[in-house]
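Hi,

Here is the model I said I would pass on, with my notes underneath. Have a look at it first, then read on.

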Amino acid sequence: MLFMRLQKYIADCGIASRRGAEKIIESGRVCVNGELVDYMGCEINPESDIVELDGEVINPETKKYYIMLNKPKNYVTTVKDDLGRPTVMELVRDINARIYPVGRLDFDTTGLLILTNDGEFANMITHPAHEINKVYIARVDKPLDEEQLTLLRTGVEIDGAKTAPAKAENVKNPKRGLEVKITIHEGKNRQVRKMLESVGSEVYSLKRISVGSLTLGNLPEGKWRKISEAEINKLRGRKGKK
Ligand code: URA
């Protein structure tokens with residue numbers, strides 16, 4: 001069983017730094033399992049002990065984390081992988097909370113992935129009823145013609161069901177050349193790849209560049225950053241529709 005110092009536990013709850021937590025303990029505001037602890041050296045079992053501050057139960061999940069990662073290729077977007085493949089969790093090790101990926105990107109897809117420990121927020125982003133737009137850039141073999149673009153824009157059949165109308169356009173990237181920009185709000189398995197394949201386009205690579213109002217910007221691949229409060233509010237308020 002993993003025991004930890006009480007002040008570290010309080011700091012992990014996002015209430016104060018460890019030094020600050022020591023002061024809080026010494027001031028007699030903390031109880032463990034109903035017993036006042038106002039001295040240093042107390043170790044607790046975070047799985048089973050109940051810690052109260054000023055009479056309110058606190059736990060590390062009290063503090064909400066919202067981060068965005070630029071996912072590289074060859075990582076799975078799950079917390080654990082039965083096949084032993086690298087998971088995105090390895091790239092966000094320094095976050096000391098039980099965060100998890102919001103939605104998924106394929107093993108071979110790169111780009112914007114949100115991770116959080118806020119279930120309500122994760123649900124808001126992934127629930128189909130909220131129709132949050134996600135924008136993808138695909139490198140393809142040749143430009144899409146008008147017929148292909150119209151098919152994607154009206155909906156194509158994949159896995160026996162028609163996709164909702166998407167935005168689709170050819171774009172020229174000064175560095176990488178021809179690309180296709182696709183905006184969808186659904187989240188079917190390998191949806192963008194299958195949509196492009198269904199209109200006869202060969203996909204060389206796929207990257208997600210935005211989720212609702214949140215954009216990847218120039219965050220390097222494999223790196224993460226905190227999503228600001230303003231960005232979270234914008235995502236919540238506008239439901240991400242652009
Ligand atoms: N569509 C895909 O095909 N793959 C992804 O990872 C996300 C959307």
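**The ligand site**

An oxygen atom of the ligand sits 3.0 Å from an N or O atom in the side chain of Thr 109. That falls under what I call a polar contact, a pair of N or O atoms within 3.5 Å; within protein, one must be able to donate a hydrogen and the other to accept it, and residues adjacent in sequence count only if both atoms are side-chain atoms. Before I go further: this is a predicted model, in which local features need pLDDT of at least 70 and side-chain atom pairs count only at pLDDT 80 or more, while totals for chains, interfaces and linings use all residues. Residues are numbered from 1 along each chain as its sequence is written, and side-chain values use heavy atoms, with hydrogens and water left out.

Back to the ligand. Backbone atoms come into play too: a ligand oxygen is 3.4 Å from a polar backbone atom of Gln 191, and a ligand oxygen is 3.0 Å from a polar backbone atom of Arg 193. Of the 240 Å² of accessible area that the ligand has on its own, the protein covers 95% (areas are from the Shrake-Rupley method with a 1.4 Å probe; for residues, only the protein chains shown count as cover).

Who is in the shell? Around the ligand you will find Leu 105, Asp 106, Thr 109, Tyr 136, Arg 190, Gln 191, Val 192, Arg 193 and Leu 206, where being near means having a heavy atom within 4 Å. By type, that shell divides into four nonpolar, two polar and three charged residues. For the record, Ala, Val, Leu, Ile, Met, Phe, Trp, Tyr, Cys and Pro count as nonpolar, Asp, Glu, Lys and Arg as charged, and the others, Gly among them, as polar.

Helix α5 (residues 191-198) gives the most to the shell, with three residues. Helices (H or I, at least four residues) and strands (E, at least two) are DSSP runs, numbered from the N terminus. Domain 2 (66-128 + 217-236) and domain 3 (133-211) each supply at least three residues of the shell; the domain bounds come from an automatic or database assignment.

Two of the shell residues deserve a closer look. Thr 109 is in strand β9 (residues 109-116) and is buried, with a relative accessible area of 1%. Here buried means under 20% relative accessible area, exposed over 50%, and partly exposed in between (1.4 Å probe, protein chains only). The side chain of Thr 109 also makes a polar contact of 2.8 Å with the side chain of Arg 193. Arg 190 is in the loop between β14 (177-184) and α5, and is partly exposed at 32%. Its phi is near 50°, a positive value in a residue other than glycine.

**The aromatic pair**

A search of the whole structure finds one aromatic pair. Tyr 66 and Phe 121 meet edge-to-face, 5.0 Å centre to centre and with 80° between the planes. Tyr 66 lies in strand β7 (residues 66-71) and Phe 121 in helix α3 (residues 119-126), so the pair ties together parts that are 55 residues apart in sequence. My cut-offs: rings of Phe, Tyr and Trp (its six-membered ring) pair if their centres lie within 6.5 Å, with planes under 30 degrees apart counted as stacked, over 60 as edge-to-face and the rest as tilted. Tyr 66 is buried, and so is Phe 121.

Tyr 66 turns up again with Glu 229: the two are 163 residues apart in sequence and 9.0 Å apart in space, C-alpha to C-alpha. Glu 229 is in helix α6 (residues 229-238) and is exposed, at 64% relative accessible area.

**Elsewhere in the chain**

Ile 67 is also in strand β7 and is buried at 1%. Its C-alpha atom is 9.0 Å from that of Val 92, 25 residues away along the chain.

Where is Ile 137? Ile 137 sits in strand β10 (residues 134-140) and is buried, with a relative accessible area of 13%. The C-alpha atoms of Ile 137 and Thr 183 are 8.9 Å apart, with their positions 46 residues apart along the chain.

Finally, Asn 33 has a phi near 50°, a positive value in a residue other than glycine. Asn 33 lies in the loop between β2 (30-32) and β3 (35-36) and is partly exposed, at 44%.

Cheers
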